[in-house]
Amino acid sequence: MSSNSRVKTDEKTEEPYEPSRATRLFIVWRKLRTSKLAVTGFGIVLLVATLALLAPVIAPYSPESFFLTMRPPTLTHLFGTDTIGRDLLTLVLYGARISLYVGLGAVFIEISIGLTIGMISGYFGGKVDEILMRITDLVLTLPTLPLLIVAVAVFKSKDINTIVLVMGIFGWPFMARVVRSEFLALRETLFVEAARSMGASNWRIILRHILPNVLSTVIVIATMDIPWYIFWEATLTFLGFGDPTSASWGVLLWRGYLYLQDAWWIITFPGLALFFTSLGFNLFGDGLRDALDVTTRGR
Amino acid sequence: MSESTLITINDLKTYFFITEGVVKAVDGVNLDINKGEALGLVGESGCGKSTVALSIMRLIRPPGKIVGGEIWFEGEDLLRKGESEMRQIRGGRISLISQNPMSSMNPVFTVGGQIAEAIKLHQNVQRREIKGKVAEILDLVGIPDPSKRMEDYPHEYSGGMCQRAMTAMALSCNPQLLIADEPTTNLDVTIQAQILKLMKKLRKDFGASVLLIGHDLGVISELCDKIAVMYAGRVAEYSDLMTVFEKPKHPYTQALLESIPRLDVEEERLRIIPGTVPRLINPPPGCRFHPRCEQAMTVCSKQDPVLTEIEKGHKVACFLYDSNVRTKPQV
Amino acid sequence: MSETILEVINLKKHFPIRGGILLRQVAAIHAVDGVSFNVQQEETLGLVGESGCGKTTLGRTILRLVKADAGTVRYNGRDLFKLDKREMQKIRLEMAMIFQDPYSSLNPRMTMSDIIGEPFDIHRLAKGQEKKNRIRELVEKVGLAPFHIYRYPHEFSGGQKQRIGIARALAGNPKLLVADEPVSSLDVSVRAQILNLLKDLQEELGLTYLYISHDLSTVKHMSDRVAVMYVGKLVELAPSKIIYKDPLHPYTEALMSAIPVPGRKKREKQIILKGSVPTPIDPPPGCRFNPRCSYRQPICAKEDPEFIEVSEEHFVSCHLRK
């Protein structure tokens, strides 16, 4: 029985129950397993994450050791050295830790706030929606840079967690708006009305009916935002939120850009790393979205 | 092909080539429309009737392609014509009215402007006369206060008025053939009655032939002289209106007529046609209706029945009427 | 002598139209504007009307999916609008709805089993094996194959999707079903299946139907009595046979004569109405049908006629039929 065949007849048949029902999770897993997109993407992400985790073990040198400055790639320094003489390969490996943490953390906050607000705003409408949307607009239209500078002065601790927090706080409006518009649209569908006619509570409708249909959009936005946050982290670091001598990819990219003419490798290798990581997340996100799509069963 | 035939469709085949296979939307359709005649093309969704209309107009876009057949219109095969020649014909000699009048019109142009455009494209009318012509034709289709209403935008028109405006646009260049694809499906019953009355009147005034496409047998009855019943890409039965209703020969036609609730007939239960309309991707050989047909025979699953004339003016595509086939019922 | 299962008394639902900077109410859509009728047990009451007449809103207001602005609905004698949440939840099981578009009335991400099983979850009617059994029963009752229950809506045809919707409506053992255009979106050859199914279920389970549709032929086939709506009000209510043969209200008359009958070419008399169906926004005083009515009298523009019983079981709202 081809799994994509449309069930055609209305006649009752004698066929037995479908045995051990493939649980939805299993089908999702099977699709993920067989999807080239998902596997490649996940492979890349896994690779990067592993390298990041094992950085202290596999890095050839320590990020605190200094060598000759601005040396191009050689056998002893595969990625060359940076402006103050640190081995770039080591920096890229250690930087992966910071950047991954930043990317995932900020997206997590973005989803937490943005999804919740978008959900409530889009579904309940009315005054609640207006208030929440005004707040969203406010955050969106706030002049980010000046505010960040103010925030730098205000926030006592200037470490990586603050950066993640700040980015999430500025980043959620977009997610909120998109989620809101999806909820607005889906709220009017007949199946939601059918659920209401059965006596389903609002939250049941939100979580059980509408949210699963919105998830794929959320995934796509999230996977696109991760590299964006990684890059943005550099800006914040330079503004004073973090340690400019730290070696996140964002910082390396910035510095590399400044020295592009003289030391092309400083921007290139971190850039490639960021590129591959984004690619990985995006591919995996696409694969995940396809795996969650119930209209295909995969093989 | 006689003198009075306006358009003859021979063995038209239009297929859609998609990743899952080939959708044989129109698979060997034969039709004739005489001058001044109205032919109703009836069938359910997916039977290919709209595709026939688009094929005549040569508006089939990839992944669709007309892969075979001929469409003879006034001595020429439309399928051999070039795009610029077809553009002359479209709107000028053959017009199309479609199902959703509101969305068939460009929302950012006035109704009058769009009709004027049609006139400009196909007729040699002086600039200053165009406005008058537009008002004239809007009046003809029953739009009140035409000189004012032609400055309105489509969204300011009601559904019925939009359809009238579309009809105006289609008739503005005095076409020989008017193709109306489900023109009243989305209209209220009383508005539908208005539009049908209008179409009857215009048919008389303009003398155009009409190809009316739809699934509502009642609507078709109002307007048409002849009727062709389509099923899954092929013509199942073809005859004049009363013959098809009173003496339907094809099992599908028979079943269809008995399965629709009718005002003049009272039944407790309607006749069911078991199963569903088949998908036209990579269809199996044989008659398309045979899986659902109570009178199916062995030959029905093996060969395609041909549309043959069983009595004057009455054609059926069914092996039940094929004298070469031994009529033994299928087990 | 059957009992009245549903009483609708002077029901009103208006939708405000807001304008201006402060979004004050500038006008209102009188979707349902004082509708009263009864539904007897185990009958099918057809509700017909053209677009904008309010029949869909009426159905939803009766089920309390939309909050009424005035009037009452009594179900088995109980005032629905006075019930609190818990009591209303119980009633919801008894009054279920079948929706028009099978393609969008089923959540595309839920399996047939989930969809039909949801009322059981919401109302905690059954769990585990018992729930599975009940679902299986319902699936068979509507003519579907049980081994498909873990499939998703997109894998079913239109007719099958509608059957799933019906099974879902039956999950709570309802007494009253509101069917909102249940076959309009289906292929012609499939409609008969669903209509027959509805009739069979009615006989088997003793159901009462409020059958809402714009398709007059189908309504006549399904209904014992028919109510005609026009711009938010009922204009006529009579037994099926009578209303199609001898309608009293001018609008009903025009409506009936406008129905194209297959195979009928000659018409005795056809009434073609002028103009289009008016919008229900702030309707003018007097009879709603007055502007298009060929029988109109001066009084028709001034006073709104009452909906009264002019002969046995035959209600009309028209000044000329009093």
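Axes here are lines fitted to C-alpha atoms, for helices over the stretch in contact, and angles run from 0 to 180 degrees between N-to-C directions. Keep in mind that this is a predicted model.

**Exercise 1. Work out how helices H3 and H5 of chain C sit against each other.**

Solution.
- Step 1: Find the helices. H3(C) covers residues 112–122 and H5(C) covers residues 158–170.
- Step 2: Look at the axes, which come within 7 Å and cross at roughly 25°.
- Step 3: Name the arrangement. Angles under 35 degrees count as roughly parallel, and H3(C) and H5(C) are therefore roughly parallel to each other.
- Step 4: Add the hand: this crossing is right-handed.
- Step 5: See who meets whom. From H3(C) come C:Met112, C:Ile115, C:Ile116 and C:Pro119, and they meet C:Ile164, C:Ala167 and C:Arg168 of H5(C). Sorted by class, the residues of this contact are six nonpolar, no polar and one charged.

**Exercise 2. Trace the open sheet of four strands in chain C.**

Solution.
- Step 1: Put the strands in order. Going across the sheet you pass E2-E1-E4-E5, and the pairing is antiparallel.
- Step 2: Spot the edges. E2(C), residues 24–40, and E5(C), residues 78–79, each pair on one side only.
- Step 3: Zoom in on one pair. E1(C), residues 4–19, and E4(C), residues 70–75, are joined in the antiparallel sense over five bridges. Take C:Ile9 as an example: its bridge partner in E4(C) is C:Thr72.
- Step 4: Add the helix. H1(C), residues 55–62, packs on the sheet and touches E1, E2 and E4 of chain C. The direction of H1(C) makes about 70° with that of E2(C).

**Exercise 3. Now do the sheet of eight strands in chain B.**

Solution.
- Step 1: Read off the order, E6-E7-E8-E3-E9-E10-E12-E11, in an open sheet with mixed pairing.
- Step 2: Check the ends. E6(B), residues 94–97, and E11(B), residues 308–311, have a single partner strand each, so one side of each is left without a neighbour in the sheet.
- Step 3: Consider the twist. On average, neighbouring strands are turned by 20° against each other, direction ignored.
- Step 4: Pick a parallel pair. E3(B), residues 38–42, goes with E8(B), residues 209–214, over five bridges. Here B:Leu39 has B:Leu211 as its bridge partner in E8(B).
- Step 5: Bring in H7(B), residues 159–171, which packs on the sheet and touches E6 and E7 of chain B. Its direction makes about 170° with that of E6(B).

**Exercise 4. Hunt down two backbone oddities in chain B, at B:Pro63 and B:Asp145.**

Solution.
- Step 1: Go to the loop between H1(B), residues 49–56, and E4(B), residues 64–73, where B:Pro63 lies. The peptide bond from B:Pro62 to B:Pro63 is cis, with omega near 10°.
- Step 2: Move on to the loop between H5(B), residues 127–140, and H6(B), residues 146–149, for B:Asp145. This residue isn't a glycine, yet its phi is positive, about 55°.

**Exercise 5. Describe the contact of chain C with chain B.**

Solution.
- Step 1: Start with the counts: 34 residues from chain C and 35 residues from chain B take part.
- Step 2: Stay on the side of chain C. The elements giving two or more residues are H6 (188–205), H7 (216–222) and H9 (250–258) of chain C. H6(C) supplies the largest share, eight residues.
- Step 3: Sort that side by class, and you get 16 nonpolar, twelve polar and six charged residues.

Key
Residues are numbered from 1 along each chain as its sequence is written. Chains are lettered from A and ligands numbered from 1 in the order in which they are written. This is a predicted model: local features need pLDDT of at least 70, side-chain atom pairs count only at pLDDT 80 or more; totals for chains, interfaces and linings use all residues. Two residues are in contact if their C-beta atoms, placed from the backbone, lie within 7 Å. Ala, Val, Leu, Ile, Met, Phe, Trp, Tyr, Cys and Pro count as nonpolar, Asp, Glu, Lys and Arg as charged, and the others, Gly among them, as polar. Angles under 35 degrees count as roughly parallel, over 145 as roughly antiparallel, 65 to 115 as roughly perpendicular and the rest as oblique. A crossing is left-handed if the near helix is turned anticlockwise from the far one by less than a right angle, and right-handed if clockwise. Two strands pair if DSSP finds at least two bridges between them.
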